[in-house]
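This report describes the fold and the interior of one protein chain. Please examine the sequence and the structure before reading further.

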Amino acid sequence: MSGVKRKRKLLNAKQKLEIFQKLYNRESASTDAKDVLNEGNTVSHSAALQSVETLIDYMGQRRFEFSDITAVRKICVDIRQEMNKQQKQRRITDFFKQ
């Protein structure tokens, strides 16, 4: 599939912020994300991580409360953990394919 570019529909800043606020309040945001994104299109971990890091920068510039920034940083940690988990799984799968 190399060389093939897929067009992805990404959330805009307002939609991301609403979802992050729901996550922070421990509400389910998955249905909101699914409504916005076309089914079958997903946001890559790296794109999500970049968006969250951009949000952290914005929150720092706007002097959000430390607890809010910490909650968003927790999302970064979760994304990185998921990325590492999937990468490890791919390595295991690739090892057994050889």
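In the protein chain of this predicted model, 57% of the contacts between residues at least 6 apart in sequence join residues at least 24 apart. The chain contains 4 helices and 0 strands, and its pattern along the sequence reads α-α-α-α.

The following table gathers overall values for the chain.

| Property of the protein chain | Value |
|---|---|
| Share of the 98 residues that is buried | 18% |
| Accessible surface | about 8,300 Å² |
| Part of that surface belonging to carbon and sulfur atoms | 51% |

Attention now turns to the interior. In soluble globular proteins, nonpolar side chains tend to be buried together. In this model, the largest nonpolar core consists of 11 residues: Phe20, Leu49, Val52, Leu55, Ile56, Met59, Ile69, Val72, Ile75, Cys76 and Ile79. At least two residues of this core come from each of helix H3 (45-61) and helix H4 (66-97).

Helix H4 merits a separate description. With 32 residues, H4 extends 47 Å from its first C-alpha to its last; this span is close to the 46 Å expected at 1.5 Å a residue. The buried residues Ile69, Val72, Ile75, Cys76 and Ile79 lie in H4, and these residues are also listed in the largest nonpolar core.

A further core member is Ile56. Which residues does Ile56 touch, if those up to four places away in sequence are not counted? Ile56 is in contact with Ile69, Val72, Arg73 and Cys76. Of these partners, Ile69, Val72 and Cys76 belong to the largest nonpolar core.

Technical notes: Residues numbered from 1 in each chain as written. Predicted model: local features only at pLDDT ≥ 70, side-chain atom pairs only at ≥ 80, totals over all residues. Heavy atoms only, no water. Core = buried A, V, L, I, M, F, W, Y, C linked by side-chain atoms within 4.5 Å. Buried < 20%, exposed > 50% of the residue type's maximum accessible area, 1.4 Å probe, protein only. Contact = heavy atoms within 4.5 Å. Areas by Shrake-Rupley, 256 points an atom, 1.4 Å probe, with all protein chains shown as cover. Expected span 1.5 Å × (residues − 1).
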